[in-house]
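Please open the model in your viewer and keep the sequence panel beside it, so that each selection below can be followed from one stop to the next.

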Amino acid sequence: MRLPGETEEGGMGTPVIYMIVAVSAFVLIILAVVFISNGSNDRSGNQGGAARASAEPTPEEEQVEFAKGQEDIESLYKEHKLRAEDLDFWNMYQDDDEVIVEAAPTESPMPTEAPEPTDEEKAKDGMHTRVTYRDGTEEWIEISEDIPLYTYDLTNIKITNDQMSYWVEGEKTSKLGVDISKSSGEVDFEALRDNGVDFVMIRLGSRGYETGLLSLDEKFVLNITQAQNAGLEVGVTFFSQAVTVEEAVEEAEYVASNLIPYQITYPVAFDMEYIANDKARIEILDEDQKTQIAEAFLKTVESEGYRSILYGNKTWLLTEIIPDKILAEYDVWLSDQSPVPDYPYQFKMWKYTSGLNISGVENETAYIISFVDYTRK
């Protein structure tokens, strides 16, 4: 074991050697003082006789001797410049194997997770919204901070004979529309116009949910021609059953090619839905795939020079596609027949009725309110 101050070759360091020499010299000097003092006492005793040698020194003599010894010690300190702590040289030699035990750090308590809020709390906190799935089950989902919320004051809505309008500072700012397809039967577009309708959304075509074939709505050409002749603004919808991005692009290009003879002012809507009581092609898709397909359609439509809009009900928009990836980028046409929609995000059009008998339309259809005048865009 190498002592502190020893070199790696095993020898003692120079400071230690100097220390030992100094201490040895000090000890020798102390011994010399003692011998000299004893010698002086012996000589005094011989000169004073045996009786005096056996006599005890007086207190005065002890004080003189003590003072003399103290002076000698002080002179040694001054001469050799020693300090009291220099004599504690043995404290330098500590056992290298000595184990110093350090106190273990106190572990911080693990944070406790906040309890999951109850359904009642979620309904009131403004941070969750409830969706109902096709099988009837319900779920509360968190509202994203990355998607703009709708800003309409729904107390400004007026409804007269099922016709909805939105008013701001005494002025009507909304437009009224009707959903039209071959299932609507015969349509008197002039009667619709005279009854306060501003625009129509006409089904242009669809992809077969079994065959996958593209087809034009049987009454599209007649409907769009008569609607425009009646002076109504027109937008179109396409029912998609695309299962790849390539098919979505094909559908958008199909729409654009069939719109070449016409000038439309309202959007082209992407409508993807499941089939009631039957199995659709899109059953195989997950949310990410449906999102990519919808985005491909909408983007292609806009590249063709048309305004696009995403159609769907609340559950479709919030759970069948990935909201953060698409809802903030494109206009939304909400389908919700409740008196006050609880869909949290911004929507530009709202299909607020279904199965309604509207004057001028043979079969049941639906009213639409648009909070945007697309003719000004």
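## A tour by selection

Begin by selecting Gly 231, which sits just after helix 6 and takes a positive phi of about 85°. Bear in mind throughout that this is a predicted model.

Step back next into helix 6 itself, residues 220–229, and colour Phe 220, Asn 223, Ile 224 and Ala 227, which are buried. These four lie on the same side of helix 6, because they cover an arc of only 90° around the axis. To see what covers them, display the surrounding elements, which include strand 6 (175–180), helix 5 (189–194), strand 7 (199–207), strand 8 (214–216), strand 9 (233–240) and helix 7 (245–258).

Now show the largest nonpolar core, a set of 73 residues in which Leu 192, Val 200, Leu 259, Phe 297 and Leu 327 have the most contacts. Helix 8, residues 287–303, gives the most to this core, with six residues. Centre the view on Leu 192 and, leaving aside residues up to four places away in sequence, you will find that it touches Val 178, Val 187, Val 197, Val 200, Leu 232, Ile 358, Ser 359 and Val 361. Apart from this core lies another, of 11 residues, among them Tyr 266, Met 349, Ile 368 and Tyr 374.

Select Ile 368 from that second group; this residue lies in strand 14, residues 366–370. Is Ile 368 buried or exposed? Its relative accessibility is 0%, and Ile 368 therefore counts as buried. Draw a distance between the C-alpha atoms of Ile 368 and Leu 176, and the value should be 5.9 Å, although the two residues are 192 apart along the chain. Leu 176 is also one of the residues that Ile 368 touches, and others, including Phe 199, Met 201, Trp 333, Met 349 and Trp 350, can be displayed alongside it.

Move on to strand 1 (residues 128–132) and strand 2 (residues 138–142), which run antiparallel and are joined by five bridges. Within this pair, Thr 129 has Ile 141 of strand 2 as its bridge partner. The two strands form a hairpin with five residues between them, and in the turn Gly 136 has a positive phi of about 95°.

Finally, zoom out to the whole protein, which has 10 helices and 14 strands. Of its 377 residues, 38% count as buried, and the accessible surface comes to about 23,000 Å², with 50% of it belonging to carbon and sulfur atoms. Among contacts between residues at least 6 apart in sequence, 63% join residues at least 24 apart.

How values were computed
Residues are numbered from 1 along each chain as its sequence is written. This is a predicted model: local features need pLDDT of at least 70, side-chain atom pairs count only at pLDDT 80 or more; totals for chains, interfaces and linings use all residues. Side-chain values use heavy atoms; hydrogens and water are left out. A nonpolar core is a set of buried Ala, Val, Leu, Ile, Met, Phe, Trp, Tyr and Cys residues joined through side-chain atoms within 4.5 Å. Buried means under 20% relative accessible area, exposed over 50%, partly exposed in between (1.4 Å probe, protein chains only). Contact means heavy atoms within 4.5 Å. Two strands pair if DSSP finds at least two bridges between them. The arc is that of the directions from the helix axis to the C-beta atoms. Accessible areas come from the Shrake-Rupley method with a 1.4 Å probe; for residues, only the protein chains shown count as cover.
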